[in-house]
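Reader: Please take me closely through one part of this model, keeping to the pairing of charged side chains and what surrounds them. I would like each term explained with its cut-offs as it arises.

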Amino acid sequence: NQEFPAGAATALYGFSNNGSLSQINNPNPDLKWQADQQFNFGVDFSILKNRISVTVDYFNKITTDLLFPNYQIQPAPNVIRWVNLDGKIQNRGLEATINASIIDGGNFSWNFGLNATFVKNNVSGLVSPILTGSLHGPGMSGVTVQQIQNGAPLNVFHTRKYLGIDPSTFFSKYEDEGNTFYNVGNPNPTSLLGINSTLRYKKLYLTTYMYGAFGQSIYNNTLNSTLNVGNIDIGKNIAQSIYQNPVKEDLANPVEPSSRFIEKGDYLKMGNATLSYNAGSLGKAFKNTRFSITGQNLFTITKYTGFDPEINIDKSVNTVPSLGIDYQAYPRARTILIGINFTL
């Protein structure tokens, strides 16, 4: 694990903005490296004279002695001390890869590849839950919606369970009147998919790569904080989904963090597509000439209402990372590249 600073086991000091020197890290001579125990087994085979090859692997990985930043309880100085947590994180699942030469002719060929991973994540053995995933917005300072807890996936969404708008009061309804928090979403994908394809017709090539993630949830903090119904009172926009809701909520309805803002984050993206033509030699000067046009991030298939489901804004608490929270993230750019390659 490289997600922690150098010298984490020693006493460290640093300069503040006014030039004074203060301690920024408490020593821990007993600090250890994280430990991974992993095994996997699988099978590889090919058929039809190697035109189709398949690899299937089962994996099981357990991480212990988790490195964790621990802050002293106030009013002590806010100095970090790295410790090894009790507990473990287990990732287990199945990965499969298929490569196929579907058509292999003189003028036309088609090669196709698929990689799929199915994974389950679980936390166990912690002494107590760890909070993370702080939200942004009016009235939400210090509010968290994620926990690292036993018997649940890493960074599980833990908040109120939303039951809709009450048609008699036009206010939000929650399970147990909002007094109880529930595990209401998994920010970790349970399935990953990659698809690549190469089509050739004589000297013309079309190469594409698609990828996706499925089974994960996203907390739409943008909708929660800046696109809710209360913005009408201050002359700002609201989300289309709120405007089109058949039961119109009261403008004074408190916008509480809840499963209302948790959405399915499944997506499939066209990550890259290249159309190229190998022209060969052009006259005596240009050899191995190749013309190409490449599109990146061409389209996304998803039901997520935010800009981009492939998102993770840092909403950490005391450096404990969050996962799957979207807050005013700018969408990825769509890029078109035109190229010519040649040798002299």
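Author: Lys269 is buried, with a relative accessible area of 1%, where buried stands for under 20% relative accessible area, exposed for over 50% and partly exposed for anything in between (1.4 Å probe, protein chains only). The model is a predicted one, in which local features need pLDDT of at least 70 and side-chain atom pairs count only at pLDDT 80 or more, while totals for chains, interfaces and linings use all residues. Residues are numbered from 1 along each chain as its sequence is written, and side-chain values use heavy atoms, with hydrogens and water left out.

The partner of Lys269 is Asp308, with which it forms a salt bridge whose closest N and O atoms are 2.9 Å apart; the term covers a side-chain nitrogen of Lys or Arg within 4 Å of a carboxyl oxygen of Asp or Glu. This pair links distant parts of the chain, 39 residues apart, for Lys269 belongs to strand β17 (residues 267-282) and Asp308 to the loop between β19 and β20. Strands (E, at least two residues) and helices (H or I, at least four) are DSSP runs numbered from the N terminus. The loop that holds Asp308 runs between β19 (300-302) and β20 (325-326). Like its partner, Asp308 counts as buried, in its case at 6% relative accessible area.

The same two side chains also make a polar contact, again at 2.9 Å, a polar contact being a pair of N or O atoms within 3.5 Å, of which, within protein, one must be able to donate a hydrogen and the other to accept it, with residues adjacent in sequence counting only if both atoms are side-chain atoms. The side chain of Asp308 has a further polar atom-to-backbone approach, since the backbone nitrogen of Glu310 is found 2.9 Å from one of its polar atoms.

What else lies around Asp308? Setting aside neighbours within four places in sequence, its contacts are Lys269, Asp326 and Arg332, contact meaning heavy atoms within 4.5 Å. Of these, Asp326 is 18 residues from Asp308 in sequence, and the C-alpha atoms of the two are 8.7 Å apart in space.

Arg332 leads on to a second charged pair, for its side chain meets that of Glu310 in a salt bridge with an N to O distance of 3.8 Å. Glu310 sits in the loop between β19 and β20 and Arg332 in the loop between β20 and β21 (335-343), so this pair ties together parts that are 22 residues apart in sequence. Arg332 is partly exposed, at a relative accessible area of 42%, whereas Asp308 and Lys269 are both buried. Through salt bridges that share partners, Lys269, Asp308, Glu310 and Arg332 are joined into one network.

How many salt bridges does the structure hold? The count is 8. Another of them brings together the side chains of Glu249 and Arg260, with 2.5 Å from N to O. Here both residues lie in the loop between α2 and β16 (262-264), so the pair ties together parts that are 11 residues apart in sequence. Glu249 is buried with a relative accessible area of 10%, and Arg260 is likewise buried, with 18%.

For a setting built on uncharged side chains, one may turn to Thr294, which has its place in strand β18 (residues 286-296). Thr294 is buried, its relative accessibility being 12%, and its side chain is joined to that of Thr274 by a polar contact of 3.0 Å. Residues up to four places away in sequence not being counted, Thr294 touches Asn272, Ala273, Thr274, Thr335, Ile336 and Leu337.

Thr117, in strand β6 (residues 108-124), is also buried, at 12% relative accessibility. Beyond its neighbours within four places in sequence, Thr117 has contacts with Phe59, Leu94, Glu95, Thr190, Ser191 and Leu192.

To return to the part you asked about, the picture is of a buried Lys269 in strand β17 paired with a buried Asp308 in the loop between β19 and β20, and of a partly exposed Arg332 whose side chain meets that of Glu310, with these four residues joined in one network of salt bridges.
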